[in-house]
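Student: Could we go through this model together, taking a few residues and contacts in turn? I would like each answer to show its reasoning before it settles on a value or a name.

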Amino acid sequence: MSKEEDLFKAVEALLAGGPRFPAPAERARLREAAGVTQAALARALDTTPQTIKNWEAGRSEPRPPRRAPYLALLEGWAERYPAAKGDAHATPELELELQPEPEPEPAPEPAPEPEPEPTPAPEPVKAVARAGAARVRRVAKPAPYDDDSRFANGPLAVVDADADPDGAGGMSAYCVGGLVLDVPARSLPELVEWALTEARLGAPRLDGSGWDADPLLVLTPAALERYGLPVELTDDERVAGRLPAGHPAVEEVERADWRLTRRGFGPWARIYRPAQGGRRVCVQLCIPSWRALDTRSWGAAADLPPAELARVLGLYASRVMTPRGSTAVTGLELMTALHPPTRASEPDAEGRRHSVHRPGSLGKDPMDPPPCEAVDGHPVLADLPRFHVRGPGERILEEAYDWARELTDEECLKPHLVGIDVNMAFGAAANGAVVGLAAPPVHTASPVFDPKVPGAWLVDLSHVDLSRVRVGKEWTRLRGDLLPSPFTPTGETPTGPAWYATPTVAYAVELGYDVAPLEGWLRPEAGRYLDGWYKRLRDAYVATMADLGVGDGLPAADYLRAMERYKERDPEAAIVLDAIKNTVKGGIGKLQEKARGGGWRPGLPWTALARPTWRPDIRAVVISRARIGMHRKMVALAAATGSYPIAVLSDCAVYAADGPSPLDVLPYTPDGKTVPGSFRIGVSPGMVKHQGTRTPLWAEQLREETGDPLLNLARYIA
């Protein structure tokens, strides 16, 4: 007799009779009537208080070896503390339902062309019957993730082995909303099958032409041991970023007719089968103990208990998207998810649809940059002499500010140095940015500058005089020597022709100066590709700040008070907030990902170049807008108050002030308004928060200790 038939008979015995568990609410009533806490009961049954909570909330059911002792305890309490007559929870019952297993779905490729019509949702699976046998898991009341019943249990699950001294315990999957599912899988291939057929995990597509998000399984160290995977990678495996091809786990996956992507079995492994019928069959794995959750983006998330980790990742998934790798990778994937490269065409004469280019996207084919936009080592620069250093006239250099100056005598007498930091500066800069889309750039000699055309322009901006600029419609005199140049990341004034992105050249015109480009690489097909990306991340940021007690629309003083120790109010939400911010920065950075290891040599292509999202020109536009935005605000503040920055690092500026607060730097009128066009205090991206306050004495001592009279104080003022 097979194992499945044995299990089927056991299930039939349960259905026919046997012990029946009280309803979840009755379990809680009996425990409370006995005066026993959940923690005390957990200690008696050698489990966790969270498990007891799940049993009493109906999110999970007890299993051996705790099932029989727990039932005996409940029966004893029921005799001592009978329920009041008419109590709706007095009838003990464990509900088991059987229904046929749905037919296996056709297996898709990892990246086939999508159809716009949604895939019909399969019926929820509460138990599985096949060929006269049955595999049953307990019925749990799901915490719906959205209105799509295919994904009723949320986008992801943290898989953990139940604590059992004998090592024979089961597996649990901790989902969003506190839901805990039983995991019947005893091998890695079975786990993948379970995630795709029974778990009801995933998330709906963000665009009708895109893909639904694949289920994400996060494997704890205990789960790794149960499934024959190492808890930690060796040094060689860590360098390679994956398990070796001959590892037993890799071979087990391949024997079961599953495949791994070219990245192999690493911290963010993807396991799939080829597509048939236009539907993906793919599961994403996240392995925190293999450093999948970088501490720079996720803090201590990898050390959280399974339920808390599910909450953190689930919150991020609901507000951004299901993680696809690092926050940088996810930021880039979010762009594609919101703007898929293709869509289904209208039906042809035979009623068939075809994959066609989706307007407003970057297309599905990679694009070589012009030489001025290429990073060093790119194949388009292979003909350059070895060790050649390209200057501003050969390459575009749009980077964030790193500038500082000495304090004036007047500033040295001020009691405070106040740092202000722009919220999600690169996200705000992406909003409204006009960038090139799928068409390649066109080389043009002596073009007439058009601020509406994205591209790279070779132009001389050395004649722009910051001591006399146009602010709004009025010409204004400023201390140009106390301001950084807006045209270089170092703040130094350019000395001749150089390559710039469109926003930088447009700012020179805004300041009141004529420009005469010598040549350009222009992108006539343009659009606001990043608007939807920014709005989703903005909403995620603002909603998470609200979770931390910092609401939108607060008056400046109230906002600054709310920001005091705000991350301590909900450490898990604080982790999500940092992940969102790193998604913005990392996503923009990934647009110009450079070669890393793997035997690469200058002049040879690297993996990132095969992506249509390898677009250094888009990164240049965003960073240009961020730097120009900082300068525009500094000019407006200087024109109105005579205050000039002492140091600027990316999105942080330091000012000398008479008081310790940003309110002492940024003047507000009695009706709550600040200088038009300058910095504003608030939670929204593009507004500013308090970065830190020090003294001029601290600044001079720090510069003396380092021996650098121009040390950037913005790096240390927090």
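Tutor: Let us begin with a definition: a residue counts as buried under 20% relative accessible area, as exposed over 50%, and as partly exposed in between. Please keep in mind throughout that this is a predicted model.

Student: With that cut-off, is Asp376 buried or exposed?

Tutor: The side chain of Asp376 forms a salt bridge with that of Arg395, at 4.0 Å from N to O. Both partners belong to the loop between strand 11 and strand 12, where they are 19 residues apart. Because the relative accessible area of Asp376 is 51%, and the class begins over 50%, Asp376 is exposed.

Student: Which residue forms a salt bridge with Glu399, and is that partner buried or exposed?

Tutor: Glu399 sits in the loop between strand 11 and strand 12, whereas its partner, 220 residues apart from it, is in helix 19, which covers residues 616–641. The relative accessible area of Glu399 is 24%, so Glu399 is partly exposed. The partner has 13% relative accessibility and therefore counts as buried; with an N to O distance of 2.9 Å, the residue that meets Glu399 is Arg619.

Student: What is the N to O distance in the salt bridge between Glu593 and Lys590?

Tutor: Glu593 has a relative accessible area of 12%, so it is buried. Lys590 is buried as well, with a relative accessible area of 12%. Their side chains meet in a salt bridge whose N to O distance is 3.1 Å.

Student: Which residues are joined into one network by salt bridges that share partners, and how many salt bridges are found in the whole structure?

Tutor: The network, held together by salt bridges with shared partners, consists of Glu373, Arg523, Arg615 and Asp617. When the search is extended to the whole structure, the number of salt bridges found is 37.

Student: How is helix 12 oriented relative to helix 18?

Tutor: Helix 12, residues 327–338, packs on helix 18, residues 571–590, with the axes 7 Å apart and at an angle of about 70°. Since angles of 65 to 115 degrees fall into one class, the orientation of helix 12 to helix 18 is roughly perpendicular.

Student: How do the residues of that contact divide into nonpolar, polar and charged?

Tutor: On the side of helix 12, the contributors include Val329, Leu332 and Met335, while helix 18 supplies, among them, Asn582, Ile588 and Lys590. Taken together, the residues of the contact between helix 12 and helix 18 divide into six nonpolar, seven polar and one charged.

Student: Which side chain is joined to that of Arg358 by a polar contact?

Tutor: Arg358 is found in the loop between strand 11 (355–357) and strand 12 (402–404), and its relative accessible area of 15% is why it is classed as buried. Beyond its neighbours within four places in sequence, Arg358 is in contact with residues including Ser209, Leu338, His339 and Arg343. The polar contact, at 2.8 Å, joins the side chain of Arg358 to that of Asp207.

Student: What distance separates the C-alpha atoms of Tyr534 and Gly427?

Tutor: Tyr534 lies in helix 16, residues 531–547, and it counts as buried because its relative accessibility is 6%. Not counting residues up to four places away in sequence, Tyr534 touches Met424, Gly427, Ala428, Asn431 and Pro685. Although Tyr534 and Gly427 are 107 residues apart along the chain, their C-alpha atoms are separated by 5.7 Å.

Note on methods:
Residues numbered from 1 in each chain as written. Predicted model: local features only at pLDDT ≥ 70, side-chain atom pairs only at ≥ 80, totals over all residues. Heavy atoms only, no water. Helix = DSSP H or I, 4+ residues; strand = E, 2+ residues; numbered from the N terminus. Buried < 20%, exposed > 50% of the residue type's maximum accessible area, 1.4 Å probe, protein only. Polar contact = N/O pair within 3.5 Å; in protein donor to acceptor, adjacent residues only side chain to side chain. Contact = heavy atoms within 4.5 Å. Axes fitted to C-alpha atoms, helices over the stretch in contact; angles between N-to-C directions. Parallel < 35°, antiparallel > 145°, perpendicular 65-115°, else oblique. Nonpolar A, V, L, I, M, F, W, Y, C, P; charged D, E, K, R; others polar.
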